[in-house]
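Here is an informal walk through a structure, with the terms explained as we go. Have a look at the sequence and the model first.

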Amino acid sequence: MTTIVFNQITKRYPGTDTPAVDAVTFEVPEGSTCMLVGTSGSGKTTLLRMVNRLIEPSSGEILIDGKNVLQEDPIQLRRRIGYVIQQVGLFPHLTIAENVRVTAEIAGGWSKQRLKQRVDELLELVGLPPDEYRKRFPRQLSGGQQQRVGLARALATDPAILLMDEPFGALDAITRARMQEELLRIQKDVHKTILFVSHDMEEAFKLGDQIAVLSQGKLVQLGTPVELLAQPANGFVGQLVGADNILRQLQYLPISHALANKPEAVSSAHWGDVPELSTEATLLDALLQLLATNAPALSAKDPQTKQHTGYITLDSLNREISHIRQEQNSTVESRI
Ligand SMILES: Nc1ncnc2c1ncn2[C@@H]1O[C@H](COP(=O)(O)OP(=O)(O)OP(=O)(O)O)[C@@H](O)[C@H]1O
């Protein structure tokens with residue numbers, strides 16, 4: 001597991017007036033996923049590709065576990081960093097197993113038997129049963145399956161870092177959702193430090209522990225999905241993350257605020273026994289449970305301490321949503 005630190009990193013392409021990436025400073029903690037979002041041309045790909053030195057920075061530094069990437073041999077560096085892009089670029093004349101194996105071999109030091117086993121493990125990991133897929137050729141795979149091979153290949157050298165540049169951008173919505181689930185599942189096991197460029201806010205919210213918003217080469221906000229939704233730094237971020245999208249608010253914001261925002265003096269005697277939900281649930285979980293059970297309220301319970309922490313009602317959800325909206329309006333007004 002490995003931390004990536006960007007320190008005043010800047011890229012000026014020759015012959016351009018404004019930097020493509022402008023003094024960007026932030027950190028991607030080890031084992032976490034940071035999504036890079038922003039409008040077209042905001043510098044996401046440039047920032048990503050400076051990490052494995054496919055693009056050389058003009059100034060500033062990028063540290064991986066405290067070591068400046070500019071002082072490392074680029075080839076060695078790239079062996080330690082997995083890279084997944086939209087165009088998978090598999091070798092057409094090699095089988096799927098061979099495609100993965102050539103990358104695994106780069107890591108070196110493995111016996112033939114261990115290598116074969118490793119390729120099978122990787123195919124299994126990305127959801128391609130080896131018995132069925134190892135002997136096929138890339139043309140015999142769908143786009144989504146090829147993308148899985150691309151991911152297996154990027155994981156082959158067991159890199160601590162994965163750079164992903166719109167890896168699922170060309171896939172249909174269903175396959176894309178499946179790949180996202182797959183990545184979440186893999187990440188639970190392998191805990192890579194991931195930097196992921198996306199144009200799709202749903203994807204950013206689903207996969208990101210943190211989201212970095214870029215605009216004209218500058219980092220305008222870094223935060224968790226909930227922080228970006230609840231407190232966008234300015235009108236641009238609010239618009240980009242869809243802070244006025246009620247469904248998204250419900251889907252991602254936790255019930256904790258609605259609990260603090262006590263609806264009325266209540267006791268369990270008031271409603272009798274009501275269904276329980278975890279304090280980690282979202283406003284949408286609460287809303288769906290209220291509708292499905294037709295209960296007057298839900299009792300929120302902390303999953304760790306098992307303590308009851310309050311009640312959620314349709315009224316308290318309603319109040320919370322109006323409260324968020326008012327706060328956002330005033331934030332956006334004061335920052336424009
Ligand atoms: N090789 C290059 N030479 C000159 N300018 C470049 C070069 N590559 C990128 N740029 C410019 O740098 C800026 C950032 O480009 P970059 O590809 O990093 O943005 P992006 O946020 O990834 O865009 P998109 O979302 O469209 O992929 C853009 O204005 C782009 O035109």
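## Ground rules

A residue is called buried if 20 or more other C-beta atoms lie within 10 Å of its own, exposed if 12 or fewer do, and partly exposed in between, with the C-beta atoms placed from the backbone. What you have here is a predicted model, in which local features need pLDDT of at least 70 and side-chain atom pairs count only at pLDDT 80 or more, while totals for chains, interfaces and linings use all residues. Numbering starts from 1 along each chain as its sequence is written.

## The overall picture

The protein chain has 336 residues, and 35% of them count as buried. Its C-alpha atoms fill a box of roughly 70 × 55 × 35 Å along the principal axes. There are 15 helices and 13 strands in the protein chain; these are DSSP runs numbered from the N terminus (helices are H or I with at least four residues, strands are E with at least two).

The domain assignment splits the protein chain into domain 1 (4-242) and domain 2 (249-335), with bounds that come from an automatic or database assignment. Their C-alpha centres are 36 Å apart. As for contacts (C-beta atoms, placed from the backbone, within 7 Å), take those between residues at least 6 apart in sequence: 67% of them join residues at least 24 apart.

## Strands 1, 4 and 5

Strands count as paired if DSSP finds at least two bridges between them. Strand 1 (residues 4-11) and strand 4 (residues 59-64) run antiparallel and are joined by 5 bridges. In this pairing, Phe-6 sits opposite Ile-62 of strand 4.

Strand 4 also pairs with strand 5 (residues 67-68), again antiparallel, through 2 bridges. Here Ile-64 faces Lys-67 in strand 5. The hairpin has 2 residues between its strands, and Asp-65 has a positive phi near 50°. Is Asp-65, in the loop between strand 4 and strand 5, buried, exposed or partly exposed? Asp-65 counts as partly exposed because it has 13 C-beta neighbours inside 10 Å.

## Around the ligand

Which residues surround the ligand? They are Tyr-13, Thr-16, Ala-20, Gly-38, Ser-40, Gly-41, Ser-42, Gly-43, Lys-44, Thr-45 and Thr-46. To be near the ligand, a residue needs its C-beta atom, placed from the backbone, within 6 Å of it.

By class, the shell has 2 nonpolar, 8 polar and 1 charged residue. The classes work like this: Ala, Val, Leu, Ile, Met, Phe, Trp, Tyr, Cys and Pro are nonpolar, Asp, Glu, Lys and Arg are charged, and the others, Gly among them, are polar. Helix 1 (residues 44-51) gives the most to this shell, with 3 residues.

## The sheet of strands 11 to 13

Further along the chain, 3 strands make an open sheet with mixed pairing, in the order 11-12-13. Strand 11 (276-278) and strand 13 (308-312) are the edges, each pairing on one side only. Strand 12 (residues 298-301) pairs antiparallel with strand 13 over 4 bridges, and Leu-298 stands opposite Ile-312 in strand 13.

Just look at the loop between helix 14 (283-293) and strand 12, where you will find Asn-294. Asn-294 is a residue other than glycine with a positive phi, near 60°. Since Asn-294 has 7 C-beta neighbours inside 10 Å, it counts as exposed.

Conventions:
Two residues are in contact if their C-beta atoms, placed from the backbone, lie within 7 Å.
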